[in-house]
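Thank you for making room for me this morning. I would like to walk you through one structure, going place by place, and I will put it up on the screen now.

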Amino acid sequence: MADKYDVIVIGAGPGGYVAAIRAAQMGLKTACVEKWIGKEGKVVHGGTCLNVGCIPSKTLLETSHKFVEARDDFSDLGIEAPDVKMDVKKMMARKDKIVKNLTGGISGLFKANGVTALEGTGKVLSSKKVEVSSGDDKTTYEAENIIIASGSVPVEIPPTPLTEGLIVDSTGALEFQEVPKRLGVIGAGVIGLELGSVWNRLGSQVTVLEAMDDFLPMVDQAVAKETQKLLKKQGLDILMGARVTGSETDGDEVTVKYTDSKGDQEAVFDKLIVCVGRRPYTKGVLDDDAGIKLDERGFIFVDDHCRTSVPGVYAIGDCVRGQMLAHKASEEGIMVADIIAGHKAEMNYDAIPCVIYTSPEVAWVGMNEQEAKAAGIKVKSGSFPFAASGRAMANNATEGLAKVIADEETDRILGVHIVGQHAGELIAQGVIAMEFGSSAEDLALTCYAHPTLSEAVHEAALAVEGHAIHMANRKKRK
C-alpha cells in the first residue's frame with residue numbers, strides 16, 4: 001500500500017483541479033489523478049475544458065469574429081483594411097500555445113499548493129481505496145475522502161460513425177488545418193452552433209441538422225427566436241426537425257441521409273461534425289465492488305451536496321446530474337472540499353449562468369418564460385433591444401435584446417436572458433441579482449454607468465416595472 005491521503009481527486013479538469021487545490025489550501029493532504037495525454041505525449045491537466053473544449057473553442061471563436069469584423073465591418077467605422085486574410089494554421093498554432101500555457105499553469109498551481117499529481121488512470125475500489133494504473137504498473141492508495149471528477153465525452157451515434165479527418169466530433173473540429181468548403185453539423189445545441197459559427201465565418205458553407213423541432217428550447221422563446229434569425233442572417237443554414245438516419249463516405253466526401261417534414265433527404269459535405277451531446281465518463285473509474293450507484297442515464301448518483309451512495313466518496317461535474325458546465329463543476333469542487341474540511345457549504349443550482357459564444361453571444365440564468373408558465377407561476381417580463389442602446393450603436397453591435405422575467409406577485413427575478421454583444425459578461429449581473437434574491441425593482445432602482453451595454457439589463461428591469469424610459473421615448477418618436 002502506497003501513501004494515504006486525506007483527499008484523492010480523480011480527474012484534473014475544471015472540477016477536479018479546483019477541488020484538489022481548495023482541499024490542499026484547507027490543510028488536507030491531497031492528491032489528484034490524471035491520465036490525459038497531451039500532444040507532446042505527456043500527461044496534462046485541465047481536462048476537456050482546457051484541452052479540447054472551452055478554451056480552444058473560444059480562442060477560435062474570438063479569432064474568427066475579429067476576422068469577419070475586420071473584413072466586413074471596419075469600413076463602416078472609417079477603417080480601411082483591404083484584402084484581409086486568415087491564416088488557419090497560424091490561428092491553430094496560437095490556440096495550441098494558449099492551451100499549453102494554461103495546462104502548464106495548473107501543474108504550477110499544484111506544486112504551489114502542495115497537491116500531489118498522480119499520473120495514470122484512477123479507479124475507485126471498495127473501502128475508499130484508489131488504484132492508479134499507468135501501463136503495466138498499478139499502485140493502490142488509501143483516502144479518507146474521494147472526489148470523482150471524471151468528466152464526460154462526446155456522444156457518438158450509429159448513423160454517423162467517426163471517420164478520421166472526415167466525420168469528427170467536437171475535438172476533431174478544433175483541429176482542421178484548412179477551411180472546408182461544405183461543412184455539416186449534426187446538432188444545433190451550444191457546441192454545434194459555436195463550431196458551426198467558427199467555420200462559417202472563415203468561409204464554409206455550413207448546414208446544421210437538428211432533430212428537434214424547437215430551436216434552443218432551454219432559452220427564452222423571444223431570445224431563441226432572435227438568435228435563430230441572426231444566425232441564419234450570418235449564413236448558417238439551420239434545418240430543424242431533421243433526423244439523421246445514415247451516412248456514406250466516398251473519398252473526401254460524406255453523404256448524410258436524413259428525414260424531415262418533406263421526407264427522405266440527402267446532403268453532401270467535405271467535413272461533418274457530430275455534436276449531439278455528451279455522456280458521463282465512468283468507464284474504468286468505478287470498480288464493481290465500490291458500491292457507487294449510477295442513475296438510469298449513467299450518471300453517478302449524488303445528493304445536493306454531491307455525496308454518492310458511499311460515505312466519504314463524492315462526485316462532481318459532468319459525471320453527475322445537472323448542466324455540463326465547467327463553472328458548475330468548479331463550484332461543486334469548492335463546495336465538496338469545504339464540506340470535507342468541516343465547513344458548511346452549499347450551492348445554488350438555480351443561479352448557474354449558461355452562455356453560447358456565438359456572435360452575438362447568448363446568455364441566460366434561471367427560468368425562461370415558458371418554463372415559469374408551465375410551472376403555474378404568473379410572470380411579468382420586460383425587454384430592451386440593443387438597437388436602442390447608445391453604447392451598442394457606438395460599438396456597431398446593435399443586434400439582440402435583454403429580457404428580465406419576474407414573479408408577478410412577489411416581483412422576485414426568475415430569470416434573465418440576453419442575446420447581444422458581450423452577453424456572457426452581462427449575464428453576471430443577473431446571476432448576482434438572483435443569488436441575493438433581488439426583485440426587478442431592485443435592478444430598476446440601481447444606478448448603471450452610462451453609456452454601457454449593461455444599461456440594456458437596467459432598461460429591461462424598468463420595463464418589467466412599466467417604467468422603461470428609453471423605450472417610452474422611442475415609441476413617442478415613432
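**A walk from C306 to the pocket**

Let me begin with C306, which is buried, its relative accessible area being 0%. Please keep in mind throughout that this is a predicted model. C306 sits in the loop between β16 (278–280) and β17 (313–315), and although C306 is not a glycine, its phi is positive, at about 65 degrees.

From there we can step to V313, which has its place in strand β17 and which touches C306 along with K128, I146, I148, I292, R307 and T308, if we leave out residues up to four places away in sequence. Is V313 buried or exposed? With a relative accessible area of 2%, V313 falls under the 20% cut-off, and so it counts as buried. If you look from V313 towards E331, you are looking across 17 Å from C-alpha to C-alpha, for a separation of 18 residues in sequence.

There is another residue with this kind of backbone angle, N396, which is again not a glycine and has a positive phi of about 60 degrees. N396 lies in the loop between α9 (390–394) and β21 (401–407), and here the surroundings are of another kind, since N396 is partly exposed, with a relative accessible area of 38%.

Let me turn now to helix α4, residues 88–113. Its 26 residues, at 1.5 Å a residue, should span 38 Å, and because the C-alpha atoms at its ends are in fact 38 Å apart, the expected and the computed spans agree. At the N-terminal end, α4 is capped by D87, which places a side-chain oxygen 3.2 Å from the backbone nitrogen of K89, while after the helix comes G114, with a positive phi near 80 degrees.

Which residues of α4 are buried? They are V88, M91, M92, K95, V99, T103, I106 and F110, and I would draw your attention to K95, a lysine that is on that list. As for what these buried residues pack against, their partners are the helices α1 (16–25), α2 (47–52), α3 and α5, together with the strands β2 (30–34) and β3 (116–119).

Two of those partners, α3 (54–73) and α5 (190–201), bring us to the second largest pocket, because each of them supplies at least two residues of its lining, as do α6 (221–234) and α10 (423–435). This pocket holds about 950 Å³ of space, and 30 residues line it, those closest to its centre being H65, D73, Q234, S359 and P360. Which helix gives the most to that lining? It is α3, with nine residues. Taken by class, the lining is made up of 12 polar, 11 charged and seven nonpolar residues.

Two of the residues closest to the centre of the pocket deserve a second look, namely S359 and P360, which are joined by a cis peptide bond with omega at about 5 degrees. P360 is in the loop between β18 (354–356) and β19 (361–366).

Finally, a cis peptide bond is also found from H450 to P451, where omega is near 0 degrees, and P451 belongs to the loop between α11 (440–444) and α12 (455–464). I will stop there and take your questions.

Notes: Residues numbered from 1 in each chain as written. Predicted model: local features only at pLDDT ≥ 70, side-chain atom pairs only at ≥ 80, totals over all residues. Heavy atoms only, no water. 1 Å grid on protein atoms, 1.4 Å probe; cavity = no way out; pocket = protein on both sides within 12 Å on 5 of 7 lines; lining within 4 Å. Points joined across faces, edges and corners; volume = space filled by probe spheres on them. Helix = DSSP H or I, 4+ residues; strand = E, 2+ residues; numbered from the N terminus. Nonpolar A, V, L, I, M, F, W, Y, C, P; charged D, E, K, R; others polar. Expected span 1.5 Å × (residues − 1). Buried < 20%, exposed > 50% of the residue type's maximum accessible area, 1.4 Å probe, protein only. Contact = heavy atoms within 4.5 Å. Polar contact = N/O pair within 3.5 Å; in protein donor to acceptor, adjacent residues only side chain to side chain.
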